[in-house]
2 protein chains.
Amino acid sequence: MKNYLCDYAQKAEKNIPDDTTASELADFLKIFADMTRIKILYALLDMELCVHDIATILNMEQSAISHQLRVLRQNKLVKVRKEGKSSYYSLNDSHIHEILIRGYEHISE
Amino acid sequence: MKNYLCDYAQKAEKNIPDDTTASELADFLKIFADMTRIKILYALLDMELCVHDIATILNMEQSAISHQLRVLRQNKLVKVRKEGKSSYYSLNDSHIHEILIRGYEHISE
DNA sequence: TGAACGTATGAATTAATGTTCATATGTGTG
DNA sequence: CACACATATGAACATTAATTCATACGTTCA
């Protein structure tokens, strides 16, 4: 049974985020781990859209979209503007573009 | 029942990746959606490590690490170098750094 | 060749997550 | 106020995924 660590491995230990940070990071990146949410984010890249339009564009139920928008909203990736009967959603995070682009680059290779 | 789309919404439609692309993208980003894998990736940021050392550093079972390394391997995020009894893993993707950094920036705000 | 070590993997279990369905809340309009 | 429209949400169901356990495979060395 080996419980020790080589010197170099001890260095690696320092790079690893603590449980709280790692967990927050995982939770954040988890948001991008879903096809529906990715599509929603892409739809919102250039403009704000109301729930109904997103559902129509993605050809999905309003309820499903609404649930996913809640996830995005709670994680501050999108923001809402209410006007009349509608809720207009738009992006709320500057890193989204970057992450989506890096991801796309990866699968394009 | 509204089946039409406003002009601006039709533009949004063009940004949305097709199902295949969106699915691949989601699958790729899904890899980052787990605390264990994030820790492994951080551990490998500066150096290669064998399975046993990763398990020790993360204080987890060898089997769990091995399973996750397989996910990372299959998705080409890490590569293996076999030497003697050990398998040494290292990063295999230039976007990893960027994604982890963007994620960290987000949760730091 | 047998024993120890390192790694990989299949099966089972448990936990987390996405979608649907039904329904509630809220807003504008006749 | 009654009704249509837009959105939000709780519960149920189905699916996916992470970990553990047991074990197999591969390598080194006495």
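**Reading a predicted two-chain model**

α4(B) is followed by B:N59, which has a positive phi, near 55 degrees.

Q: What conventions apply before any feature is read?

A: This is a predicted model, in which local features need pLDDT of at least 70 and side-chain atom pairs count only at pLDDT 80 or more, while totals for chains, interfaces and linings use all residues. Residues are numbered from 1 along each chain as its sequence is written, chains are lettered from A and ligands numbered from 1 in the order in which they are written, and side-chain values use heavy atoms, with hydrogens and water left out.

Q: Where in chain B does B:N59 lie?

A: Helices (H or I, at least four residues) and strands (E, at least two) are DSSP runs, numbered from the N terminus. B:N59 has its place in the loop between α4 (51-58) and α5 (62-74) of chain B.

Q: Why is a positive phi worth pointing out?

A: Most residues other than glycine have a negative phi. B:N59 is not a glycine, yet its phi is positive, about 55 degrees. B:K76 is not a glycine either, and has a positive phi of about 60 degrees. The loop that holds B:K76 runs between α5 and β2 (78-83) of chain B.

Q: Is B:N59 buried or exposed?

A: Buried means under 20% relative accessible area, exposed over 50%, and partly exposed in between (1.4 Å probe, protein chains only). B:N59 counts as exposed because its relative accessibility is 71%. B:K76 likewise counts as exposed, at 57%.

Q: How many residues of α4(B) are buried?

A: The helix α4(B) is mostly covered, with 6 of its 8 residues buried. These are B:V51, B:D53, B:I54, B:A55, B:I57 and B:L58.

Q: What elements make up chain A?

A: Chain A has 6 helices and 3 strands. Read from the N terminus, the order is α-α-α-β-α-α-β-β-α.

Q: How does the radius of gyration of chain A compare with that of a compact globule?

A: The radius of gyration is taken over C-alpha atoms, and the globule rule is 2.2 Å times the number of residues to the power 0.38. For 109 residues a compact globule would have a value near 13 Å, whereas chain A has 19 Å. The C-alpha trace of chain A spans about 65 × 30 × 25 Å along its principal axes. Of the 109 residues in chain A, 49% are buried.

Q: How is a single residue such as A:S87 to be read?

A: One begins with its element: A:S87 belongs to strand β3 (residues 86-91) of chain A. Next comes its cover: A:S87 is buried, as its relative accessible area is 16%. Contact means heavy atoms within 4.5 Å. Apart from its neighbours within four places in sequence, A:S87 is in contact with A:L49, A:C50, A:V51, A:V80, A:R81 and A:K82.

Q: Which turn lays chain A on chain B?

A: Copies are superposed by least squares on the C-alpha atoms of residues with pLDDT of at least 70 in both. A turn of 180 degrees, with a shift of 0.0 Å along the axis, lays chain A on chain B with an RMSD of 0.1 Å. That is the relation of a two-fold axis. Of the residues of chain A, A:I99 comes closest to the rotation axis, its C-alpha being at 2.9 Å.

Q: Through what surface do the copies meet?

A: The copies meet through the same surface, because 98% of the interface residues of chain A are also interface residues in chain B.
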